[in-house]
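Take a look at the chains and their ligands below. A short walk through two binding sites follows.

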Amino acid sequence: MIALGRTFLAATLVFLYLPIAVMVAMAFNASPLYTLPIEPTFHWFGVLAENGPLLSATYNSLMIALATSVIATAVGTLASLALNRRTFRGQSLLKVLLLPPIAIPWLITGTAMLVFFFWTGIGRGLHAMLIGHVALAIPYVVLIVGTGMQTLRADLEEAAMSLGSTPIHAFFAVTLPLLAPSIIAALLFAFAVSLDQFVVSYFLATPGVSTLPVEIYTSIRKGFTPEINAISAIFLGVSAVLVLIFAQLSNLGGSRDRR
Amino acid sequence: KEITVLNWKGYGTDEAFALKAFAEQTGITVKHDYFNSEPEMLTKLRTNPGAYDVVLINSARTQQAQAEGLIDPVDLATIANAKDLAPALKDHANLKADGKTYGLAWLWGMNSLAVRQGISADSWTIFSDPKYAGKLALFDDAVTSVGIGALLTGQDANDPKDLAKITEVLKAMKPNVKLMWSSEDEWNKAFAANSFDISVYWSGAAVRSIRQHKLPVEFIVPKEGAIGWLDSLAVPTSSTKKEDALKFLNYMIDPTFYLTWAKEAGAPASANEGAMNKLPADDLNRQIHKADYLPKLTFMAALPDDRRQAFNDLWEEVKAFYAK
Amino acid sequence: MLFFSFLKSSPVPGRALVYTVDNYLAFIKRPYLFNVAWTSIQIGLWTTGLCALIGLPAAIALARATAGRSRHILFLLIILPFWTNGLVRVFSWTMVLREGGILDYALHWIVPAAPSVSLLYSFPAIIIGLVHAYLPYMILTCYLSATAIEDSTIEAARSLGARTPVVFWKILLPLCMPGLISGSILIFVPVIGSFMEPRILGGRIGVTMGTVIEDQFTAAFNWPLGAALSFTMLAVVLAIFAVSSRVLSGRAATP
Amino acid sequence: MIGVEVASISKGYGSLRVLDKVSTAFKAGEFTSLLGPSGSGKTTLLRIIGGFVDPDEGRILFGGEDVTGVALWQRKVGMVFQSYALFPHMSVFDNVIFGLNRQGIRGEAARKEVARVLEMVHLTGFEQRKPKQLSGGQQQRVALARAIVTKPRVLLLDEPLSALDRRLRQDMQIELRRIQRESGLTTIFVTHDQEEALTLSDTVAILDGGRIVQEGAPLDIYERPRTRFAASFLGDANFFEGKMTGDGIAIDGGVIHTSDGLPGSGSKVTAAVRPEKMRLLAPGENPGGDNVFATRIREIIYAGAVSTFIAEGPDGSDIKVLSQNREVSAVSPGQAITLAWSPANTVLLQA
Amino acid sequence: MIGVEVASISKGYGSLRVLDKVSTAFKAGEFTSLLGPSGSGKTTLLRIIGGFVDPDEGRILFGGEDVTGVALWQRKVGMVFQSYALFPHMSVFDNVIFGLNRQGIRGEAARKEVARVLEMVHLTGFEQRKPKQLSGGQQQRVALARAIVTKPRVLLLDEPLSALDRRLRQDMQIELRRIQRESGLTTIFVTHDQEEALTLSDTVAILDGGRIVQEGAPLDIYERPRTRFAASFLGDANFFEGKMTGDGIAIDGGVIHTSDGLPGSGSKVTAAVRPEKMRLLAPGENPGGDNVFATRIREIIYAGAVSTFIAEGPDGSDIKVLSQNREVSAVSPGQAITLAWSPANTVLLQA
Ligand SMILES: Nc1ncnc2c1ncn2[C@@H]1O[C@H](COP(=O)(O)OP(=O)(O)OP(=O)(O)O)[C@@H](O)[C@H]1O
Ligand SMILES: Nc1ncnc2c1ncn2[C@@H]1O[C@H](COP(=O)(O)OP(=O)(O)OP(=O)(O)O)[C@@H](O)[C@H]1O
Ligand SMILES: [Mg+2]
Ligand SMILES: [Mg+2]
């Protein structure tokens, strides 16, 4: 059964990485039209190195994604706690309200935000982008952390409180560490959501400030060149290395370790 | 000094060489913001007063922008290069409102027929020719598609009276339709992969496909005619640097700029006859944007809201029919 | 947005706002939308179903067949593809799926005589693209549920004579239900409104509620109608979840 | 030293009424054992006192002060959960030091305290283990250590020794008793072990069907059970049902004398006699003033220090006779015997 | 009827050696109790026999057939887990019927079986509850019902009655014993309750430090413990250390006689005497051939049916004397007394 499971996992990974491999391969292909067979070249990396706006957009994306994932995870975790542990009026309404940001295409949400921020005077800019990204990422966090929370035993918090923990301390000392795998997962997803978020950045960025997805989507009308693949490949490579280092150092979700 | 331009990405105004040259000439640096669809452009103008100094507007939208008070009239007399503008374009009806010209005619192009080399065609009827089953790519755009339908049924592409008939001819294409493209990039990739042989395409993009990607494309204006469009550059009412903006407008129809742009990157046709004439006679761009096509074109004109909605509904319905 | 949906036309400064409920009558006035909606729901169901079919076993395998460091690495590897641009991923899929693409190539390499395959511009292509884009959500949420299952629960089942399939159906599946449900929400809901994958991978098939709504916003500049359609869609989605959670809650673990 | 008082506490789950207006006082500094059948609401009562669940009605008083609405973490109760509820992500050491840190005790002082209680529960050397790496009994001892290290005002123990072997259990009992005496801790102790309850407690309370049916000092409650339930629940008992006659209780096969005050003649009564109070008369032995009952041995159950003889009762039921295994017994199943017991040990029950 | 044999099983966690070449045979159709201190490896041994963990070395034989590599679900063992391990998402009914369904028993037949065992564990009416809605003892009974309903070949019980009150426990013991006798089930039973072990078992095995230190019939093992550990772990014992002299063991304060075979004179020996074997000599009573020891009472511990007198031992340690509470005892702490016990009850221990 274990062997079967591992094989299945491997097959799943192959599926997940199939287009990613193509993407990386195309970064080394001379043809910008993704034609086969591949003519190997480093051309696009050179082009990339000279493309200042693209690089700075990538930097912006990363920074916003980092900030978003941290803020959204913090807020979302607390919201999830409130939704799953306490009962209060309007709770189910709140739960339902989580869905629209996921359900409504981003385009619409983006437009709405643009108009909303315009009317309320928040305006555009990095702060507006951040607010927008966080707003979009929170439902994901709430759902993911909520899943983890449902599997948590309630008596542990009780035990902590009987030992003198305030609910807040009990949360940090007991609930949070046990939720760590969920929270880390939520963080990684919030990061992904923000990183790939186009519409909101696009509507809310001030001219001259751009993010990677904005660069990609706006250039699609004419055609994006494999520099995009190149930067994605570099980005993936770097994250993969970081991930490995992180996994080596940390003990992510270690409390659930068996054997 | 700095001005901000609102445009499609990669559409002339942001060519690095041009910005450099312009800055050297005038000391003005140019920043960009981009839009992805025309309504979006209007939205951006509305919600960011003061942010933009130059905006690219498809002349079909000029009157709408003007009616909302988003753009200023342009005094062509103050733009040196404007003297050589093609007369038909310079004062095109689309740009006019209460007697003033609300934008500088900049570029024009066609949405017409593109086929794989070796296929000969001179009529839009090829779109429903059973020989090309599953070989057709349509442009996912209501105005263009309705326009083709209008041409096929002999109606005015800007104001067809018999929408039902158009629906019918478009639906008849179903067996041929393979995909609906929405970007040049997608078109190129799919064409390169032999996913289709026949399509509607943009004239400027066709130039780039042939010249840069060496794709075997043949661009044809069929006997029924084609859809033409005229892009203009305008100055938003809210701009605070209108003088600098006008300088930029002037530069954008400068023949030297156009020459480099058209040759290096590939551009649609310039509204400036002077600029067009500078291109070598056998230049691909000139080949495709033949001046004698102009009469065969129906230029996209301003559409009232309800008609635009009708077009859109029609196109959605046709697409839904394709998908069934 | 809700406010928009009751407007007659998009809000433009200087134009009076006219309120109407017409936008909500869109379905009645445009019967073809029923077909589109049905396609969207089918896409949603297929995608969610396949994600569950792949994601749940993968999550269980991850939670139970791996341990320690390798598990952490695998876990992160599953999320990593998500850190690339969605559009680029979709275009990469076109590479894989089209005639003469990677899949075709690989097939011919294995079976030279095979007819050429082209999945691109078809319903399966849309599904493949969407499953790829949303699978990690399912794996993740199910994984969170799966790690919480006590070893002894499974041991107990085994000692009572349960073979692997029974353990899966009777123990793992119900206990992973919370994860399966949140995963399904995270997938079904956005998939119904997706437009990128259907457009690029589906060819002429790719007309969904997502693309229709997008068109209202970009091409037609009819925000009110787009918003109304979105809300109608949302209502349908909520209704589906209300019904299915009734059905599921009967079987789901009550934590 | 504060006492705990519960005043007409009720609690139900759905239609099930688990506690039904329970009122009692756990005296300050006393050690009270709570006994009752499985599912009788012992855990529920403890959880209500600790503040883990709210009662449907009634009040809880700590030292006269109403704490019904007071939050859990302010009640300063120590609790050993029936399910242990150890923090799975913390080591044994961290589990135990948790409560000390909450009280602001840190550093060397806290470490010393932890070392001391861990030694007390015989877990020195296990500091760095995670709960999952411990045996059941070890986990239970961590739970105990964690609850007592904070020196709470009230100690609630929900079967805290159930997973321990007898020796360890005795050690823990002695420690618990010592701590409780030294710090005058009001302790409520749920146990299923009768001997434990009788040995350790100042007071024993018996819970049944959501009510406290009897409470009192161990000797009282054991020697003078009021009801049939109390008699048979705490310790074993043989019951004789009969009618009152002038000089005793008429049963099938004779008359039983009792030194209890007699109700009116003719009324139906039940008398209880504990197995250890009965003895087997040696052949020809004079019973003196004792009750006698002639019967036969059905079975002998050996239990180490003692054996139980099962004899045939008047209505065919079993009579149990406890016998200390000082010497190997000479009787064997099937043998006819005569039982004898003192009228003083014949307890008349209510109803 | 198949027996279970374990052959030099070892198991370690990290550097900790939990089981150290344990070899023993659990005879077919016998009821064996496994006793041992907390953490001695009882659960681990049970889990290895059941196939839940693999031993580091050694083999498991079921009826002579090697099952070491055989998958869990093919071993047909029934197990009651110390932690119950109920299926949290299933009702009581579904938990119990699970194993039957696995055996292909469905429909009415299965339902009847479930109803029967639920009645046996006194849980009729609880069918539709989820485990979370049950008290500790109720959960434990569901675990028991789930394990026995399938009529396994081998029944492994890890403290299956620890959360039950005495009455319920006795009922369950009787049921277990009946089932086991009727179906000749080989049963291995871990318990901390001595009486339970001695009463129920055909064989008792004592585990300590990863090894089985003694096994045998209850009477044998209780009356003739081989080591000091065995003597004190199973039941209580008083130890006397001294040197062999010609006629007995010389201790502080006298000589103790024993009827055990005597090792060479002059060697150091330890003798054990169980508390219930000792009696208090009445003033002027003749001890006959018994050992006597004059001392004083330190404490009296009342435990209902019996009391324990704690007296002062030769080296200052405690001597425990068990006394059945037939009548209220006349002695009191501080009183000088003389203890007497038979030489036959003075057990010489190895080492
Ligand atoms: N996963 C583990 N990792 C490390 N040590 C373990 C693990 N499981 C058990 N142990 C250790 O192995 C020893 C034996 O454990 P086991 O559970 O077999 O004891 P036990 O005899 O059942 O005790 P108890 O009566 O307390 O249940 C204990 O000292 C325990 O701490
Ligand atoms: N969450 C719940 N929902 C429904 N019934 C419950 C719930 N918790 C407990 N009960 C019921 O309440 C009754 C009392 O439970 P409680 O845990 O207090 O019993 P207990 O005296 O501690 O028993 P035990 O000795 O078996 O632990 C039981 O019949 C139990 O089934
Ligand atoms: Mg309980
Ligand atoms: Mg154990």
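Which residues coordinate the magnesium ion (ligand 3)? In this predicted model, the donors are D:Thr43, through OG1, and D:Gln82, through OE1. They sit at 1.9 to 2.2 Å from the ion.

Now place these two residues in chain D. D:Thr43 belongs to helix 1 (residues 42-50). D:Gln82 lies in the loop between strand 6 (77-80) and helix 2 (92-102). The pair therefore ties together parts that are 39 residues apart in sequence.

Are the two residues buried or exposed? D:Thr43 has 25% relative accessibility, so it counts as partly exposed. D:Gln82 is partly exposed too, with a relative accessible area of 23%. Buried would mean under 20%.

Move on to ligand 1. It is surrounded by 21 residues. The closest are D:Arg129, D:Ser135, D:Gly137, E:Thr43 and E:Thr44. The site is shared between chains, because residues from both D and E surround the ligand. By class, this shell holds 13 polar, four charged and four nonpolar residues.

Chain E makes several contacts with oxygen atoms of ligand 1. A backbone N or O atom of E:Gly39 is 2.8 Å from one such oxygen. For E:Gln82, a polar side-chain atom lies 2.9 Å from an oxygen of the ligand. A polar backbone atom of E:Ser40 is 3.2 Å from a ligand oxygen.

How much of ligand 1 does the protein bury? Alone, the ligand exposes 640 Å², and the protein buries 89% of that. Three elements give two or more residues each to the shell. Chain D supplies helix 4 (136-148). Chain E supplies strand 2 (16-26) and helix 1 (42-50).

Key:
Residues are numbered from 1 along each chain as its sequence is written. Chains are lettered from A and ligands numbered from 1 in the order in which they are written. This is a predicted model: local features need pLDDT of at least 70, side-chain atom pairs count only at pLDDT 80 or more; totals for chains, interfaces and linings use all residues. Side-chain values use heavy atoms; hydrogens and water are left out. A residue is near a molecule or strand if one of its heavy atoms lies within 4 Å of it. A polar contact is a pair of N or O atoms within 3.5 Å; within protein, one must be able to donate a hydrogen and the other to accept it, and residues adjacent in sequence count only if both atoms are side-chain atoms. Accessible areas come from the Shrake-Rupley method with a 1.4 Å probe; for residues, only the protein chains shown count as cover. Helices (H or I, at least four residues) and strands (E, at least two) are DSSP runs, numbered from the N terminus. Ala, Val, Leu, Ile, Met, Phe, Trp, Tyr, Cys and Pro count as nonpolar, Asp, Glu, Lys and Arg as charged, and the others, Gly among them, as polar. Donors are N, O and S atoms within 2.8 Å of the metal (3.2 Å for Na, K and Ca); water is not among the atoms, so sites may look incomplete. Buried means under 20% relative accessible area, exposed over 50%, partly exposed in between (1.4 Å probe, protein chains only).
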